[in-house]
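Work through these exercises with the model open beside you. Try each task before you read its solution.

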Amino acid sequence: MLMKTSSQSLTEQLAARFAERIRNHLLAPGARLPSVRQCAEQQGVSPSTVVAAYDQLLAQGLVEARRNRGFFVREAVRGEAPAARSREAPPSSFSAAHWVTRERGPAPVNATSLIRGMFHKISDKPQPGMGVLPAEWLESTFMPAAVRRVTSTKMLHEFSSQYGEPMGDSGLRRALAKKLADVSVPASPEQIITTVGATHALDIVSRTLLSPGEPVMVEEPGWAVEFARLNALGMRLLPVPRGADGPDLAVMAKYCELHRPKLFVSVSVLHNPTSYCLTPGSAHRVLQLAAKHDFHIVEDDTYSHIAPPHAPRLSALDGLQRTVYVSGFAKILAPNWRIGFIAAPTALVEQLLDTKLLATLTTPALLERALALCIEQGQLRRHAERIRTKLDAARSRSVKLALNAGCTFVAEPAGLFGWVDTGVDTDAMAQRMLDAGYLLAPGALFHAERKPGTLMRINFATTQDAAFWKRFSEMRREMRG
């Protein structure tokens, strides 16, 4: 709330609030600020105060005024390369036979907003839009114990006197090979490369298999960070609609005929944001398409630790022939333990390793060895079981609260995320809820092309707070008139 008793004037407080959000990418380049009247009503101040605050933002170069349209965050604040990028819309009725090239338009929500929200504390309240489990859920004693065990004087000397193994700690790679066998993914330690998290693993794969300007198929809705990362590398995104059974195979087939993509990026199990799981039939047809049109599939299994048992995986069915399997441990252990890995076809291992070496040389052997201990002693498995139990209970509570608040679930609730229809513009809702101290994840964030709408992703672990849903319901009623 703006405070009349503050040492700053109401104008200065309001300008500072918007400036902070812009600099932290919580208001994206191209985003429209509320109208003067709307902002005055929302903040409980006079229109003249809002006009004066917007003037300060203009003077700071953070916003621009567009005649008869209002105030917008300046594109220059983006901090991204200004190069225009192309994206492909799904073929209309599967009959479009040409590429539609567009300039990169301003997104209503910046893809880095939620990432920055992980580091920039919005408030002390639970954050519905976050993509991670609450910190208190991840607390454990076995991780610090494992680190202490591997930091004996002899081991510390070994860690400090050499780079380590280029492929990653051999003990961890052996443990990962056994762990992958539990989900029927056949990988020897020699096929596994450790990385600095799953995002780094995805980056290695795309840098190895793609060149700037080449097309890549991605699921839509999908992970906003992956869209932004591929865009930053200069790739052309081919969005494939993702349904409950799997990707739209007709759209994929049309893309293959028109553009011959080399790569398809997929989250088979507990897809983000819908939490859909691929069916066996759809998985077989995707693999048949890959064989016919000669493209690879990178399977992001980030949520494997909370996934249902025996969930179908492309890498298991394919036997790591055309598939590259990627996963990590930040979601289940600790975000700061940046340990991920790649399990790849033997023919690709050396190429992927070269890309890793050019970027990071090696990865932190101390943490890798500690993680190997956690896996070998069963501590990671037991920890994941506890997390799944807590998440099941949290999901049940969050679903009831969401339904009572007027939301409907577009996808069957599962895993960490819920994909809900709010009935109102979630871009506008997200900006309003920031004033109440909540960071939301509006549906537009999960589309390669700007698609404002009424959908929103919620985190079941952080939406058990009745106070959030009460405020959400109040905002929703206001927006619906």
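**Exercise 1. Decide whether glutamate 478 is buried, partly exposed or exposed, then do the same for its salt-bridge partner.**

Step 1. Take the glutamate. Glutamate 478 has a relative accessible area of 49%. Exposed needs over 50%, so glutamate 478 is partly exposed. Keep in mind that this is a predicted model.

Step 2. Find the partner. The side chains of glutamate 478 and arginine 432 form a salt bridge, at 3.6 Å from N to O.

Step 3. Place both ends. Glutamate 478 lies in helix α17 (residues 466–480), and arginine 432 lies in helix α16 (residues 426–435). They are 46 residues apart, so the pair links distant parts of the chain.

Step 4. Classify the arginine. Its relative accessibility is 17%. Buried means under 20%, so arginine 432 counts as buried.

**Exercise 2. Explain why glutamate 41 and arginine 37 are separated by about one helical turn.**

Step 1. Start with the general idea. Side chains of opposite charge can pair when their charged atoms come close.

Step 2. Check the pair. Glutamate 41 and arginine 37 meet in a salt bridge of 3.2 Å, N to O.

Step 3. Count along the helix. Both residues sit in helix α2 (residues 36–43), four residues apart, which means a separation of about one helical turn.

Step 4. Add the surroundings. Glutamate 41 is exposed, and arginine 37 is exposed too.

**Exercise 3. Repeat the reasoning for lysine 254 and glutamate 257.**

Step 1. Their side chains form a salt bridge at 3.8 Å, N to O.

Step 2. The two residues are three apart in helix α10 (residues 249–259), so about one helical turn separates them.

Step 3. Glutamate 257 has a relative accessible area of 54%, so this residue is exposed.

**Exercise 4. State how many salt bridges and how many disulfides the structure holds.**

Step 1. Count the salt bridges. There are 18 in the structure. A network of salt bridges links Asp203, Arg207, Glu226 and Arg229.

Step 2. Count the disulfides. The structure has zero.

Step 3. Look at two cysteines. Cysteine 256 counts as buried, at 3% relative accessibility. Cysteine 374 is buried as well, at 0%.

**Exercise 5. Describe how α2 packs against helix α3.**

Step 1. Read the geometry. α2 and helix α3 (residues 47–59) pack at about 110°, and their axes are 8 Å apart.

Step 2. Name the arrangement. Angles of 65 to 115 degrees count as roughly perpendicular, so α2 is roughly perpendicular to α3.

Step 3. Give the handedness. The crossing is right-handed.

Step 4. List the contact. α2 supplies Val36, Cys39 and Ala40, while α3 supplies Pro47, Val50, Val51 and Tyr54.

**Exercise 6. Locate valine 324 and describe its surroundings.**

Step 1. Valine 324 belongs to strand β8 (residues 323–328).

Step 2. Its relative accessible area is 1%, so valine 324 is buried.

Step 3. Leave out residues up to four places away in sequence. Valine 324 then touches several residues, including Val205, Ile297, Ile342 and Leu348.

Step 4. Proline 345 is another residue that valine 324 touches. The two are 21 residues apart in sequence, and their C-alpha atoms are 6.8 Å apart in space.

**Exercise 7. Sum up the whole chain.**

Step 1. The protein chain has 17 helices and 13 strands.

Step 2. Of its 481 residues, 54% are buried.

Step 3. Take contacts with a separation of 6 or more. Residues 24 or more positions apart account for 73% of them.

Technical notes:
Residues numbered from 1 in each chain as written. Predicted model: local features only at pLDDT ≥ 70, side-chain atom pairs only at ≥ 80, totals over all residues. Heavy atoms only, no water. Salt bridge = Lys/Arg side-chain N within 4 Å of Asp/Glu carboxyl O. Buried < 20%, exposed > 50% of the residue type's maximum accessible area, 1.4 Å probe, protein only. Disulfide = S-S within 2.5 Å. Axes fitted to C-alpha atoms, helices over the stretch in contact; angles between N-to-C directions. Parallel < 35°, antiparallel > 145°, perpendicular 65-115°, else oblique. Left-handed = near helix turned anticlockwise from the far one by under 90°. Contact = heavy atoms within 4.5 Å.
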